[in-house]
Amino acid sequence: MSPRRRTDPDDGRAALAAWRADPAGAPRAAVRTAVRFTLEELADVAPGNAVEVRVPPDGAVQAVEGPRHTRGTPPNVVETDPQTWLVLVTGAVTWADAVASGAVRASGERADLAAYLPLQAARPR
């Protein structure tokens, strides 16, 4: 596991499978674990500190190469809710569609995650 990872990958995949089986009725703990797992996956595939990806209340991660941000509001921020995040990382909706609908708020020149989504680890096995 990478030093930034806190979610066991097996637990993360199991939580993602539970969410995928019933997106509207998955247990809250499974959604939280699935979100945290996929945020950590994003940080693995797009290492860096240029973009802060926020999925309140479940987690946040810094990712994508570029200038490191250390204080105050970061210049590159992506924020969305847990359900939208999970449909993005699994490929059920595209980045462009999520941004256009307002389900994802992205600000800053590096805040486009289209190149990293969907996540390979979030696809069904």
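Buried here means under 20% relative accessible area, exposed means over 50%, and partly exposed is anything in between. Keep in mind that this is a predicted model.

Q: Does Gly66 count as buried, partly exposed or exposed, and in which loop does Gly66 lie?
A: Gly66 sits in the loop between strand 2 (59-63) and strand 3 (77-80). Its relative accessibility is 37%. Since buried stops at 20% and exposed starts over 50%, that value makes Gly66 partly exposed.

Q: How far apart in space are Gly66 and Gly48, C-alpha to C-alpha?
A: Leaving out residues up to four places away in sequence, Gly66 touches Ala50 and Arg110. Gly48 is 18 residues from Gly66 along the chain. In space, though, their C-alpha atoms are separated by 6.6 Å.

Q: In what order do the elements of the protein run from the N terminus?
A: There are four helices and four strands to place. Reading from the N terminus on, the order is α-α-β-β-β-α-α-β.

Q: What radius of gyration does the protein have, and what would a compact globule with 125 residues have?
A: The C-alpha trace spans about 40 × 35 × 25 Å along its principal axes. For 125 residues, a compact globule would come out near 14 Å. The protein agrees with that, because its own radius of gyration is 14 Å.

Q: Of the contacts between residues at least 6 apart in sequence, what percentage join residues at least 24 apart?
A: For background, 41% of the 125 residues count as buried. Now take the contacts between residues at least 6 apart in sequence. The share of these that join residues at least 24 apart is 59%.

Q: How far apart do the centres of the positive and negative side chains lie?
A: The accessible surface comes to about 6,600 Å², with 51% of it belonging to carbon and sulfur atoms. As for charge, the protein has 15 positive and 15 negative side chains. The distance between the centres of those two sets is 4 Å.

Q: Which side chain does Glu52 join in a polar contact of 2.6 Å?
A: Glu52 is part of strand 1 (residues 51-55), and at 17% relative accessibility it counts as buried. Beyond four places in sequence, the residues Glu52 touches include Val61, Pro74, Asn76 and Val78. Its 2.6 Å side-chain polar contact is with Arg54.

Q: Which residue has its backbone nitrogen 3.0 Å from a polar atom of the Asn76 side chain?
A: Asn76 belongs to the loop between strand 2 and strand 3, and with a relative accessible area of 7% it is buried. Past its neighbours within four places, its contacts include Ala50, Glu52, Ser107 and Ala111. The backbone nitrogen 3.0 Å from its side chain belongs to Arg110.

Q: Why is helix 3 largely enclosed by the rest of the structure, and how many of its residues are buried?
A: Among the buried residues of helix 3 are Trp85, Leu86, Leu88 and Val89. The cover over its buried residues includes helix 1 (9-21), helix 2 (28-45), strand 1, strand 3, helix 4 (95-101) and strand 4 (104-107). Helix 3 (residues 82-90) is largely enclosed because, of its nine residues, the number buried is seven.

Q: Which residue, with a positive phi, follows helix 3?
A: At the start of helix 3, a side-chain oxygen of Asp81 comes within 3.1 Å of the backbone nitrogen of Gln83. At the other side, the residue that follows has a phi near 85°. That residue is Gly91.

Q: What value does phi of Val64 take?
A: Val64 is in the loop between strand 2 and strand 3. It is buried, since its relative accessible area is 7%. Its phi is positive, in a residue other than glycine, with a value near 75°.

Q: What is omega for the cis peptide bond that joins Leu117 and Pro118?
A: One cis bond runs from Pro56 to Pro57, with omega near 5°, and Pro57 lies in the loop between strand 1 and strand 2. Pro118 lies in the segment after strand 4. For the cis bond between Leu117 and Pro118, omega is about 0°.

Methods. Residues are numbered from 1 along each chain as its sequence is written. This is a predicted model: local features need pLDDT of at least 70, side-chain atom pairs count only at pLDDT 80 or more; totals for chains, interfaces and linings use all residues. Side-chain values use heavy atoms; hydrogens and water are left out. Helices (H or I, at least four residues) and strands (E, at least two) are DSSP runs, numbered from the N terminus. The radius of gyration is taken over C-alpha atoms; the globule rule is 2.2 Å times the number of residues to the power 0.38. Buried means under 20% relative accessible area, exposed over 50%, partly exposed in between (1.4 Å probe, protein chains only). Contact means heavy atoms within 4.5 Å. Accessible areas come from the Shrake-Rupley method with a 1.4 Å probe; for residues, only the protein chains shown count as cover. Lys and Arg count as positive and Asp and Glu as negative; His and the chain ends are not counted. The place of a charge is taken as NZ of Lys, CZ of Arg, CG of Asp or CD of Glu. A polar contact is a pair of N or O atoms within 3.5 Å; within protein, one must be able to donate a hydrogen and the other to accept it, and residues adjacent in sequence count only if both atoms are side-chain atoms.
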